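Me: I am new to this structure. Could you walk me through it in short questions and answers?

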Amino acid sequence: MAEPALSIRGLTKVYGNGFEALKGIDLDVEQGDFFALLGPNGAGKSTTLGIVCSLVQKTAGQVKIFGIDIDRDFAKAKYALGVVPQEFNFSQFEKVEDIVLTQAGYYGMPMKEAKPRCERLLKDLGLWDKRNGAARMLSGGMKRRLMIARALIHRPRLLILDEPTAGVDIELRRSMWEYMRRINEEEGTSIILTTHYLEEAESLCRNIAIINRGEIIKNTSMRGLLTELDTETFLLDLAEPLEAAPQVEGFEVERVDAHQLALSVRKGTDLNDAFQQLTRQGVRVLSMRNRANRLEELFVSMTSQPDAGSGIDSATSTPAKETAS
Amino acid sequence: MNTRQLLISLWTMVVKEVRRFVRIWPQTLVPPSITMTMYFIIFGNLIGSRVGEMHGISYMSYIVPGLIMMSVITNSYSNVASSFFSNKFQRSVEEMMVSPMPNWVILAGFVIGGAARGLGVGLIVTVVSLFFTHLDLHHPFLTLMVVVMTALLFSIGGFINALLAKKFDDISIIPIFVLTPLTYLGGVFYSIDLLPEFWQKVTMINPILYMVNAFRYGILGISDIPVSGALIAIAAFIVAFWCLALWMLNRGKGIRS
């Protein structure tokens, strides 16, 4: 059986101020997977990924990348790894092409091999026309794409994307999704994605882990997780205004405003029943949509449980040091 | 990484560092040249003509080696200090940390880049000095060896400073409060024979005195101190500073959580 792209055992991180950011987590990401690592701010996502790519020193535990223990041969493991961090981390004064080519040089890639690869990546990511401009002149979305090009220059087998679409407009975000899907499906690159756009995780990822307060509280397939959702809420747009919420037996109905109702539907309930009852009461529905992304509903319910962590009052109580790592 | 990959990564580091200081040449190459020209005009020409000779050599010629060395020291140091700290500040140091490049290559890349700027500025100052005086190179190999070793030593010093620095102020404290006084008191403008005996002994603990005098010996053939001792001292400092910088880098001092 193939070694996992990433295997983590008992990973612990205690910062200098005594804050325990990771409490002995275990995690496996299979080869070729598109894997979501989700969690609220300060949950330990960036610390985990920071340890995997050597930006943070672990306190205890084992990390293997394609079977290579980072404590034994980190340099070899790093060849398999590409990283797109949360924050821009390139010299703003360097030219776009130089940033990508310099990264290739850090991996010992000869220029005659790096140049055509760089050209292809910059063209694929819509940056070729900007190659001679300073990185600081790029828009936020272009800077994110530049970091993706840089991370892919040495053909990594595992790509870590830490909030790659933060601050990117919808159109660009969708084109980036397509690109990520393509390198996962066509080139077989394993991808680990952290994001706050849960729609993004739901759309792209096959497997998911949710981390909260330094512990993995869920690790399953995306499909399996979504079947756990027992209630969905739909927003119904009405043809005529209503003074009060109608009574619909077997469903919970809330009046959002005169032209909109929120209908909560439990898993296994026949939605036709609700529409029949509404029709009988003369309520005409023009359109409907989910109130929140399905994954978002699950995520919020899981990470807001007071006993999900251990003794820390708030998931956002992580020190600035962790997010800076 | 195999040897070829190591050489490519080292070359990449050096090219990146050289490209940086060349790109901002009005900040890195021009100011030291102008400052040194002022020294040549004021101390060498105007005041120097009244000072007369020192060790049988015109004052202008006497101060040239010291001023070249002063340029090399300050530029090597400040290049690495500001370049590495900028990399920390902009987080682009992470580009290197996530790569398989060994830490010694990262250190060597910055140090060679810093030395390149120090030597480049030193060369410019040497050319400028030729407009004011004539230089006979007494020991070319020794001159080259001393200036290269000094550039390397202060580049490593700048790297250590940048690793420890938490804000931009921290990389200007050492050059202003330590390097400048030690350089001025290191025999750039005078022979230590002019000092009272007590201050001559005090001056002997200033490491820059040895570098300036060894360099002056290479160019003019005169020195206040034994040159072989100076070379051993510089080499020992290079080894000690290199080991310290590499140890700090391996520990992730100042760059890893």
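What follows is a set of questions and answers on a sheet and on nonpolar cores, taken from a predicted model.

Me: In what order do the strands of the open sheet of chain A stand?
Reply: The sheet is open and has 6 strands. Its pairing is mixed. The order is E6-E7-E8-E3-E9-E10.

Me: Why is one side of E6 and of E10 in chain A left without a neighbour in the sheet?
Reply: Strand E6 covers 81–84 and strand E10 covers 215–221 of chain A. One side of each is left without a neighbour because each has a single partner strand. Both stand at the edges.

Me: What is the average twist from one strand to the next?
Reply: The twist is taken from each strand to the next and averaged. It comes to 15 degrees.

Me: Which residue is the bridge partner of Asn212(A) in E10(A)?
Reply: Strand E9 of chain A, residues 207–212, pairs with E10(A) in the antiparallel sense. The pair has 6 bridges. In E10(A), the partner of Asn212(A) is Glu215(A).

Me: Which helix of chain B gives the most to the largest nonpolar core?
Reply: This core has 143 residues. Ile160(A), Phe159(B) and Met211(B) touch the most other members. With 15 residues, the top contributor is chain B's helix H4, residues 59–89.

Me: How many residues are in the other core, the one with Val248(A)?
Reply: That core lies apart from the largest one. Among its members are Val248(A), Leu263(A), Ala274(A) and Leu278(A). Its residues number 6.

Methods: Residues numbered from 1 in each chain as written. Chains lettered and ligands numbered in written order. Predicted model: local features only at pLDDT ≥ 70, side-chain atom pairs only at ≥ 80, totals over all residues. Pairing = 2+ DSSP bridges. Helix = DSSP H or I, 4+ residues; strand = E, 2+ residues; numbered from the N terminus. Axes fitted to C-alpha atoms, helices over the stretch in contact; angles between N-to-C directions. Core = buried A, V, L, I, M, F, W, Y, C linked by C-beta atoms within 7 Å. Buried ≥ 20, exposed ≤ 12 C-beta atoms within 10 Å, placed from the backbone.
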